[in-house]
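Please look through the sequence and the 3D structure below before reading on. The paragraphs that follow lead from single side chains to the chain as a whole.

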Amino acid sequence: MARRQAGSTRRVGEGGSFPFAGGASHSKSRSSPLLSICLLLLGACLLIWYAYSGPGIFKSVKEVSKVSAGDYSCTSQVQRAVSLLKKAYGDGMRKVLHVGPETCSVVSTLLKEDDTEAWGVEPYDIEDADSHCKSLVSKGLVRVADIKFPLPYRPKSFSLVIVSDALDYLSPKYLNKTLPELARVASDGVVLFAGLPGQQKAKVAELSKFGRPAKMRSASWWNRFFVQTSLEENEGPNKKFEQAVSKGSYKPACQVFHLKPLH
């Protein structure tokens, strides 16, 4: 199309005809493919630039892609770290409570381990859960409970409590009660998997489920919070866990804190 337009001209006063314009016209016709290619390349470059920096639908697609690429789950990190936690806690993995979204998947993973009993607390609605998860609920291995309120367990009901993807969504007002409550029901310790600052936690579509965006807190913030709530680092298991991490290929994508239970 571009070649035909470049190679033809209309002469006014010749009865509306479209004759060729001699040698000059042939020269234009020969040069038009190169011009067309240059124009196509320029247009492609402008389209790419527009897609990634300009307004409109392309920018929206870019932003959705960024959110999706940045999503990650500390709960999935828990499942990858089970073998390392067993090395760090030994017999402390005999009765485990996991607290956090997707707890059914964690409980299922833990139940496959030898000499390990597992339970879970799902802080959010599980209407869309699969049949296996609902089966765990019906058996009493998983329960849905608002962790902003006291847990329905006696002190030291579990040897180890693991929490992931739950505390990041709580304000300090509720953290002051929730984290000590988790330490209350543990006999050997609490393992907290928390998000790293700068990482995206929840998809935009999931904000209605969690109620608020996640708050990615730094290690220094958490350490100050532990001091304020009289929670101490569980140094022994922490060192064993770090040693196990250094010897393997697994590198945690979340912050991992090991806390002592409440006495």
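**A walk through the predicted model**

Glutamate 113 is partly exposed, its relative accessible area being 27%. The model in which this residue sits is a predicted one, and glutamate 113 is a good place to start, for it has a partner: lysine 86 forms a salt bridge with glutamate 113, and the closest N and O atoms of the two are 3.5 Å apart. Lysine 86 belongs to helix α5 (residues 82-89), while glutamate 113 is found in the loop between α6 (103-111) and β2 (117-122), so this pair ties together parts that are 27 residues apart in sequence. Lysine 86 also counts as partly exposed, because its relative accessibility is 25% and the range for that class runs from 20% to 50%.

Behind such a pair stands a simple idea, namely that side chains of opposite charge can pair when their charged atoms come close. How many salt bridges does the structure hold? There are five, and besides the pair just described two others can be followed here. In one of them, the side chains of lysine 148 and aspartate 146 meet with 3.2 Å from N to O; lysine 148 has 29% relative accessibility and counts as partly exposed, and aspartate 146, at 34%, counts as partly exposed as well.

The other joins arginine 184 to glutamate 181, whose closest N and O atoms are 2.7 Å apart. These two residues are three places apart in helix α8 (residues 172-184), which means that about one helical turn separates them. An α-helix has 3.6 residues a turn, so residues three or four places apart point the same way. Are the two partners buried or exposed to some degree? Arginine 184 is partly exposed, with a relative accessible area of 21%, whereas glutamate 181 counts as buried at 13%, because the cut-off for buried is under 20%.

From charged pairs we can turn to covalent links. A disulfide is a covalent bond between the sulfur atoms of two cysteines, and the structure holds two of them. In one, cysteine 74 and cysteine 254 are joined, with their sulfur atoms 2.2 Å apart, and the link is left-handed, with -110° about the S-S bond. This pair links distant parts of the chain, since cysteine 74 lies in helix α4 (residues 74-80) and cysteine 254 in the loop between α11 (235-247) and β6 (255-259), 180 residues apart. Cysteine 74 and cysteine 254 are both buried.

The other disulfide is formed by cysteine 104 and cysteine 133, with sulfur atoms 1.9 Å apart, and with 50° about the S-S bond this link is right-handed. Cysteine 104 lies in helix α6 and cysteine 133 in helix α7 (residues 131-138), so the bond ties together parts that are 29 residues apart in sequence. Both cysteine 104 and cysteine 133 are buried. If the bonded cysteines are numbered in sequence order, the pairing reads 1-4, 2-3.

Helix α6, which carries cysteine 104, deserves a look of its own. Why can α6 be called largely enclosed by the rest of the structure? Seven of its nine residues are buried, and therefore the description applies. The buried residues are Thr103, Cys104, Val106, Val107, Ser108, Thr109 and Leu110. Among the elements that cover them are α4, α5, β1 (95-99), β2, α7 and β3 (142-144).

On the surface, one can find a nonpolar patch formed by Leu35, Leu39 and Leu42, which together have about 300 Å² of accessible area. One of its members, leucine 35, is placed in helix α2 (residues 22-53), and at 49% relative accessibility leucine 35 counts as partly exposed, because a residue must be over 50% to count as exposed.

Finally, it helps to step back to the whole protein chain, which has 11 helices and six strands. Of its 263 residues, 38% are buried, and its accessible surface comes to about 15,300 Å², of which carbon and sulfur atoms make up 57%. Among the contacts with a separation of 6 or more, 71% are between residues 24 or more positions apart.

Definitions and conventions
Residues numbered from 1 in each chain as written. Predicted model: local features only at pLDDT ≥ 70, side-chain atom pairs only at ≥ 80, totals over all residues. Heavy atoms only, no water. Patch = residues over 30% accessible without salt bridge, like charges linked within 9 Å, V, L, I, M, F, W, Y side chains within 5 Å. Areas by Shrake-Rupley, 256 points an atom, 1.4 Å probe, with all protein chains shown as cover. Salt bridge = Lys/Arg side-chain N within 4 Å of Asp/Glu carboxyl O. Helix = DSSP H or I, 4+ residues; strand = E, 2+ residues; numbered from the N terminus. Buried < 20%, exposed > 50% of the residue type's maximum accessible area, 1.4 Å probe, protein only. Contact = heavy atoms within 4.5 Å. Disulfide = S-S within 2.5 Å.
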